[in-house]
Amino acid sequence: MKVKRAEKSRIHDINFDTLSFGEVFTDHMYVCDYVDGEWIDPRIIPYQPLQMDPSASVLHYGQAVFEGMKAYKDEQGSAWLFRPEDNHARINKSSVRLAIPEFPKAYFMDGLNELLTIDKDWIRSGEGNSLYVRPFVFANQAAVSATASNRYQFIIICSPVKSYYSGEVNVLVSENYSRAASGGVGFAKAAGNYAASFYPTQLALKEGYQQIIWTDASTHQYLEECGTMNVFFRVNDTLITAPTTDTILDGITRKSVIQIAQDAGINVEVRPVTVTEIIAAHKNGSLKEVFGAGTAVVISPINSIGYKGENYLIEKQDHSFATIIKEKIVNIQYNLSEDPYGWRKEVVAVTV
Ligand SMILES: Cc1ncc(COP(=O)(O)O)c(C=O)c1O
């Protein structure tokens, strides 16, 4: 892999204590092109703006998918990734649905390891500190023609993030808008899925809700996902979450939560969940916890649920499942505990 280093690092200009999520980027980026039917020229270059033709396919038809993952540093200075092969598998699953050519696993893993080794100083140790890693692929054929592009670019960029308290999360159950429909692209991390969620989320914000719980497109009865997280409900001592259908993203945190909860002896039900049963559980006092699960905050407890003009407040629990499960996952991520699952992968340089 070719490596062109930045002449001067920007790291000393950065205040790591005041970072806003996803606004500061490291010194380098990993880039690879798809031309004439193959991925060529994987390389690391200084972080820089892209040049593309105004007719580039992605700007008109949205042919783009992405991933989100994190690198963590332990107190000894080693850097770690959490289930990175799963991100690779998922970007390819997303790509297939968007008619984007799959990206080779060796290129993905080598690019990631090399980039993170070069920019390792940007990963800070300490609770909550991490480096958010954003792989993405987009169509860059220069042509306003509504067909799959014949050229693509795969890129990885990285952004240091600090521990942040996301505040109280109040969520609104969507009664009209949909994020995904059966047969569509909801299971893919397609850029357009997020674009389509911003307007309904803006409306929810005006009502005092930070996120939407998306429901199924045909009946708006089944609870699917919450913002950019999968969602879990604790009814009495059972944890319930929806199965990953073609409308739900197969979250890596979600499947880690399920595994850890089961191994901790918690009863987990993976089945369709209706808004009616959750409101009924709230009314009879059996709804103990609701939380979202995703890479950004691992687990985010939900404070209240809005539905049909009512706001249902969820009382805080001592020894919540959310806290117990989060701690176990975070300890694996930061190399603070054993990892019986083999989820943690050390960042190892390929050529540098
Ligand atoms: C729509 C959606 N659902 C769920 C998730 C959680 O997935 P993961 O745990 O892999 O971050 C994300 C974030 O990636 C997301 O964007």
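**Exercise 1. How many of the ten residues in strand 7 are buried?**

Let's start in this predicted model with one strand and work outwards.

Step 1. Find residues 130-139, which make up strand 7. Seven of those ten residues are buried, so the strand is mostly covered.

Step 2. Look for its partners. Strand 4 runs antiparallel to strand 7, and three bridges join the two. Within that pair, Phe66 has Phe136 as its bridge partner.

Step 3. Strand 5 is also antiparallel to strand 7, again with three bridges. Here you'll spot Lys70 opposite Tyr132.

Step 4. Now turn to strand 8, residues 152-161. Ten bridges link it to strand 7, and the pairing is antiparallel. One of the matched pairs is Ala139 with Tyr152.

**Exercise 2. Work out how the chain splits into domains, and what domain 1 brings to the contact.**

Step 1. Mark the bounds: domain 1 covers 2-164 and domain 2 covers 169-333. Their C-alpha centres are 27 Å apart.

Step 2. Count who takes part in the contact. Domain 1 puts in 19 residues, and domain 2 puts in ten.

Step 3. Ask which elements of domain 1 are involved. Strand 4 (64-66), strand 5 (69-73), strand 6 (79-82) and helix 2 (84-97) each give at least two residues to the side that touches domain 2. Helix 2 gives the most, with six residues.

Step 4. Sort that side of domain 1 by character: eight residues are nonpolar, seven are charged and four are polar.

**Exercise 3. Describe the shell around the ligand.**

Step 1. List some of the residues that surround the ligand. Among them are Gly68, Glu225, Asn230, Arg254 and Thr295.

Step 2. Trace them back to elements. Strand 12 (229-235) and helix 5 (252-263) each supply at least two residues of the shell. Helix 5 contributes the most, with three residues.

Step 3. Sort the shell by type: you get seven polar, three nonpolar and two charged residues.

**Exercise 4. Find the residues that touch the most other members of the largest nonpolar core.**

Step 1. The largest nonpolar core has 43 residues, and the ones touching the most other members are Val171, Ile213, Phe233 and Ile325.

Step 2. Take Phe233 and skip anything up to four places away in sequence. What's left is Ile240, Val273, Ile278, Leu287 and Val290.

Step 3. Don't stop at one core. A second, separate core has 37 residues, including Ala79, Leu112, Val137 and Ala188.

**Exercise 5. Explain why Tyr312 and Asn335 both count as partly exposed, and place each one.**

Step 1. The rule is that 20 or more C-beta neighbours within 10 Å make a residue buried, and 12 or fewer make it exposed.

Step 2. Tyr312 has 17 C-beta neighbours inside 10 Å, so Tyr312 is partly exposed. Asn335 has 19, so Asn335 is partly exposed too.

Step 3. Place Tyr312: this residue belongs to strand 17, residues 310-313. Setting aside residues up to four places away in sequence, Tyr312 touches Ile279, His282, Ser304, Ile305 and Tyr307. As for Lys206, 106 residues away along the chain, its C-alpha is 18 Å from that of Tyr312.

Step 4. Place Asn335: look in the loop between helix 7 (321-333) and strand 18 (344-346). Beyond its neighbours within four places in sequence, Asn335 is in contact with Asp74, Ser78, Trp80 and Arg344. Lys345 is ten residues from Asn335 in sequence, with 9.8 Å between their C-alpha atoms.

Note on methods: Residues are numbered from 1 along each chain as its sequence is written. This is a predicted model: local features need pLDDT of at least 70, side-chain atom pairs count only at pLDDT 80 or more; totals for chains, interfaces and linings use all residues. A residue is near a molecule or strand if its C-beta atom, placed from the backbone, lies within 6 Å of it. Helices (H or I, at least four residues) and strands (E, at least two) are DSSP runs, numbered from the N terminus. Ala, Val, Leu, Ile, Met, Phe, Trp, Tyr, Cys and Pro count as nonpolar, Asp, Glu, Lys and Arg as charged, and the others, Gly among them, as polar. Domain bounds come from an automatic or database domain assignment. Two residues are in contact if their C-beta atoms, placed from the backbone, lie within 7 Å. A nonpolar core is a set of buried Ala, Val, Leu, Ile, Met, Phe, Trp, Tyr and Cys residues joined through C-beta atoms within 7 Å. Two strands pair if DSSP finds at least two bridges between them.
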